[in-house]
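Biologist: I would like a close look at a single part of this model. Please take one strand and work outward from there.

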Amino acid sequence: MKKLATWVLAALVLPLSAWAAQFEEGTHYEVIAEQATAKPEVKEFFSFYCPACFGFEPKVQALSKKLPAGTELKKVHVDFLRHASPEIQNTVVRAYLVAKNLGKGDEAASALFNHIHVDRKAFASDEDIKAVVVGLGIDAATYDKAIKSFTVVGAAKQMKKDQDNLTSRRVLSGVPMFVVNGKYKILNQGLSRDNQEQEFNELVAYLLALK
């Protein structure tokens with residue numbers, strides 16, 4: 001119930017009809033599919049190497065804690081920024097997934113972002129990446145086993161499939177990009193610069209309620 005508190009309050013203050021007047025297709029979002037996903041979701045396409053994604057990460061983490069029960073926020077890492085080799089980027093993705101599966105997804109995302117954008121360090125090897133995640137209190141042996149597991153490798157491959165699918169459809173050309181229920185792409189440039197986070201949250205709520 002606590003997860004719903006903020007959203008229920010928002011719904012009381014700003015009903016769907018008001019949101020409909022506030023948000024316009026073609027300005028704030030576009031329809032990219034005929035049907036929505038079976039379960040409600042918010043999918044973020046991002047890269048740990050993207051400065052804009054780094055700047056947006058606190059808003060994403062805050063949003064994840066406000067989503068209605070049963071709504072999942074899924075992070076999809078893309079590999080087209082070319083700031084590191086495909087092999088290093090794949091390891092970064094799998095390292096994040098290991099931490100996420102162990103309940104430390106947000107901590108790992110922040111640590112990986114900070115390593116690149118705050119500490120301004122490159123990941124020169126898989127061991128560099130491992131050190132960041134193990135530094136969060138994850139057992140090294142558990143990490144070594146999990147990063148090669150079918151679950152983690154499969155999830156990383158699915159991210160690549162999601163990326164390639166939307167790229168081929170000319171939906172995905174830059175990051176961060178957000179897709180709600182597999183049907184609605186948020187147009188970041190349509191968000192207010194002065195009140196970006198609140199408007200972003202309200203737009204996500206509005207799109208989750210659309211059919």
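Is β2 mostly covered or open, and how many of its residues are buried? Please go on to its partners, the core and the pockets around them.

Modeller: Keep in mind that this is a predicted model. Strand β2 spans residues 41–46. The strand is mostly covered, with six of its six residues buried. In a regular strand the side chains alternate between the two faces of the sheet. In β2, Glu41, Lys43 and Phe45 point one way. Val42, Glu44 and Phe46 point the other way. The buried set thus includes charged side chains, namely Glu41, Lys43 and Glu44.

Now the partners. β2 pairs with β3 in the parallel sense, over six bridges. Within that pairing, Lys43 stands opposite Lys74 of β3. β2 also pairs with β4, here in the antiparallel sense and over four bridges. Val42 of β2 faces Val180 of β4 as its opposite residue. The link from β2 to β3 involves a helix: β2, α3 and β3 form a β-α-β unit, and this unit is right-handed.

Next, the core. The largest nonpolar core has 40 residues. Phe45, one of the buried residues of β2, is among the five members that touch the most others. The other four are Phe48, Val92, Phe123 and Tyr143. β2 is one of the elements that give two or more residues to this core, along with α4, α5, α6 (126–134), α8 and β4 (177–180). The top contributor is α4, with eight residues.

The neighbouring strand β3 leads to the pockets. The largest pocket holds about 380 Å³ of space. Its lining counts 20 residues, and Ser64, Lys65, Leu73, Lys100 and Asp106 lie nearest its centre. Two or more lining residues come from each of α3 (51–64), β3 (72–77), α4 (86–101) and α5 (105–117). By class, the lining has eight charged, six polar and six nonpolar residues.

The second largest pocket has a volume of about 280 Å³. It is lined by 14 residues, with Lys75, Leu97, Lys100, Ala155 and Met159 nearest its centre. β3, α4 and α8 (150–168) each give two or more residues to that lining. The largest share, six residues, is from α8. Six of the lining residues are charged, five nonpolar and three polar. Lys100 lies nearest the centre in both lists, for the largest pocket and for the second largest.

Finally, the loops beside these elements. Most residues other than glycine have a negative phi, and most peptide bonds are trans. Three sites in this model depart from that. Between β3 and α4, the loop contains Arg82. Arg82 has a positive phi of about 65°, although it is not a glycine. Arg82 is exposed, with a relative accessible area of 59%. Arg120 is in the loop between α5 and α6. Its phi is also positive, near 55°. At 70% relative accessibility, Arg120 counts as exposed. The third site is a peptide bond: from Val175 to Pro176 it is cis, with omega near 5°. Pro176 sits in the loop between α8 and β4. That β4 is the antiparallel partner of β2, where this look began.

Methods. Residues are numbered from 1 along each chain as its sequence is written. This is a predicted model: local features need pLDDT of at least 70, side-chain atom pairs count only at pLDDT 80 or more; totals for chains, interfaces and linings use all residues. Side-chain values use heavy atoms; hydrogens and water are left out. On a 1 Å grid over the protein atoms alone, a cavity is a set of points where a 1.4 Å probe fits but cannot get out, and a pocket is an open set with protein on both sides within 12 Å along at least five of seven lines; lining residues have an atom within 4 Å of a point. Grid points are joined across faces, edges and corners, and a volume is the space filled by probe spheres set on the points. Two strands pair if DSSP finds at least two bridges between them. A crossover is right-handed if, with the strands pointing away from the viewer, the path from the first strand over the helix to the second runs clockwise. A nonpolar core is a set of buried Ala, Val, Leu, Ile, Met, Phe, Trp, Tyr and Cys residues joined through side-chain atoms within 4.5 Å. Buried means under 20% relative accessible area, exposed over 50%, partly exposed in between (1.4 Å probe, protein chains only).
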